[in-house]
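User: Please take a close look at the aromatic rings in this structure and how they pair. Then follow the thread outward to the pockets and a few single residues.

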Amino acid sequence: MNLRYTIFKRNHPYKKEAKETILEAFPSNERLPFPIIKHIAKRKGIEFRIYEDESGFVAIAYLLKNSTATYLLYFAVSKNKRNKNYGSIILHSLIKECADKEFYLCIEIPNEKEEMTIRRLNFYRRHGLIDLNAKLIENIDYLLMCNKTPKNYDNINKLLKLSYFFKYRPRVEKMK
C-alpha cells in the first residue's frame, strides 16, 4: 500500500471525491458547508489533506496546526476504502507526526444506544488517544481526545479559532 497525501487546492483532481466523502461521512449538523471548508482551508495553519494510493482517492484529513498542537477537525475514509486498514495507517502516521505536540480530535459522546459511537471511541483508544474529560462545544457536544494530557485547554482553543467563520465559534470546556 503506497499511501501519500497532497494538499487540497482549488482544482485538485480529487475535489469531487473529497466533497462526496465529507458529505457522506458527516451529517450536516456536524460539519461546515463544503464551500466554507474549502475557503478556510486557505488560512495559515490549516491543512486539507487528500490521501491517495495507486488505485486513487482514499481519504481526507483536515488539520488545524500550530507549533505546539494539531487538531484533526475532519477525518474520513472513502466509503469503498473503509475496513481495509487505511484509517489506522493514516491516523498512526498523524499521531507519529505530532509525537512532540498535543494531537487532538473530537468524537460524538459515546452512548450505548448507538454502537458506532462506542466503536469509534475504541478505535481511537487503540491508537493511544485518551479521553480528556472535556468536551468541544459546537451546535452539539463532542468528547475531546488527545495523545497526552494537556495542562490546560489553551492550545486547542487557539487552534479552534482558525476555524471561526461568522457565528461558528467552537470552544473546549471541562466536563462537569
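Analyst: What follows starts with the ring pairs, moves to the two pockets, and ends with single residues.

The model is a predicted one. A pair of aromatic rings is described by the distance of the centres and the angle of the planes. The count here comes to nine aromatic pairs. Two of them share phenylalanine 8.

Take the pair with phenylalanine 34. The ring centres of phenylalanine 8 and phenylalanine 34 are 6.3 Å apart, and the planes stand at 90°. That is an edge-to-face pair. The pair ties distant parts of the chain together. Phenylalanine 8 sits in the loop between strand 1 (4-7) and helix 1 (15-25), while phenylalanine 34 belongs to helix 2. In sequence, phenylalanine 8 and phenylalanine 34 are 26 residues apart. Phenylalanine 8 and phenylalanine 34 are both buried.

Now the pair with phenylalanine 48. Is the geometry of phenylalanine 8 and phenylalanine 48 stacked or edge-to-face? The centres of phenylalanine 8 and phenylalanine 48 lie 4.5 Å apart and the planes meet at 20°. Planes under 30 degrees apart count as stacked, so phenylalanine 8 and phenylalanine 48 are a stacked pair. This pair also links distant parts of the chain. Phenylalanine 48 is in strand 2, and 40 residues separate phenylalanine 8 from phenylalanine 48. Both phenylalanine 8 and phenylalanine 48 are buried.

The pairing goes further. Ring pairs join Phe8, Phe26, Phe34, Phe48, Tyr62 and Tyr74 into a cluster. Tyrosine 5 has a ring contact of another kind. The charged end of arginine 49 sits over the ring of tyrosine 5, 4.0 Å from the ring centre.

Next, the pockets. Rolling a probe the size of a water molecule over the atoms shows where empty space is left. The second largest pocket brings back phenylalanine 8. This pocket holds about 220 Å³ of space. Its lining has 13 residues, and Phe8, Lys9, Lys38, Ala41 and Lys42 are the closest to its centre. Helix 2 (34-40) and strand 2 (46-53) each give at least two residues to this lining. Phenylalanine 34 belongs to helix 2, and phenylalanine 48 belongs to strand 2. By class, the lining of the second largest pocket has six nonpolar, six charged and one polar residue.

The largest pocket holds about 1100 Å³ of space. Which elements give two or more residues to the lining of the largest pocket? They are strand 4 (69-77), helix 3 (86-97), strand 5 (102-108) and helix 4 (115-126). The lining of the largest pocket has 35 residues. Nearest its centre lie Phe75, Ala76, Met116, Arg120 and Tyr124. The residues of this lining divide into 20 nonpolar, 10 charged and five polar.

Strand 5, one of those elements, also holds phenylalanine 103. Phenylalanine 103 has a relative accessibility of 0%. Buried means under 20%, so phenylalanine 103 counts as buried. From phenylalanine 103 to glycine 128 is 11 Å, C-alpha to C-alpha, with the two 25 residues apart in sequence.

The loop between strand 4 and helix 3 holds serine 78. Asparagine 85 is found in that loop as well. Serine 78 is buried, at 11% relative accessible area. The side chain of serine 78 makes a polar contact of 2.7 Å with the side chain of asparagine 80. Asparagine 85 is partly exposed, at 46%. Its phi is near 80°, a positive value in a residue other than glycine.

Asparagine 133 also has a positive phi, near 55°. Asparagine 133 lies in strand 6 (residues 130-137). The relative accessibility of asparagine 133 is 39%, and it counts as partly exposed.

Last, back to strand 2. Aspartate 53 lies in this strand. Aspartate 53 is buried, with a relative accessibility of 2%. Which residue sits 51 residues from aspartate 53 in sequence and 5.4 Å away in space? That residue is asparagine 2, with the distance taken C-alpha to C-alpha.

Methods: Residues are numbered from 1 along each chain as its sequence is written. This is a predicted model: local features need pLDDT of at least 70, side-chain atom pairs count only at pLDDT 80 or more; totals for chains, interfaces and linings use all residues. Side-chain values use heavy atoms; hydrogens and water are left out. On a 1 Å grid over the protein atoms alone, a cavity is a set of points where a 1.4 Å probe fits but cannot get out, and a pocket is an open set with protein on both sides within 12 Å along at least five of seven lines; lining residues have an atom within 4 Å of a point. Grid points are joined across faces, edges and corners, and a volume is the space filled by probe spheres set on the points. Helices (H or I, at least four residues) and strands (E, at least two) are DSSP runs, numbered from the N terminus. Ala, Val, Leu, Ile, Met, Phe, Trp, Tyr, Cys and Pro count as nonpolar, Asp, Glu, Lys and Arg as charged, and the others, Gly among them, as polar. Rings of Phe, Tyr and Trp (its six-membered ring) pair if their centres lie within 6.5 Å; planes under 30 degrees apart count as stacked, over 60 as edge-to-face and the rest as tilted. Buried means under 20% relative accessible area, exposed over 50%, partly exposed in between (1.4 Å probe, protein chains only). A charge sits over a ring if NZ of Lys or CZ of Arg is within 6 Å of the ring centre and within 35 degrees of the ring normal. A polar contact is a pair of N or O atoms within 3.5 Å; within protein, one must be able to donate a hydrogen and the other to accept it, and residues adjacent in sequence count only if both atoms are side-chain atoms.
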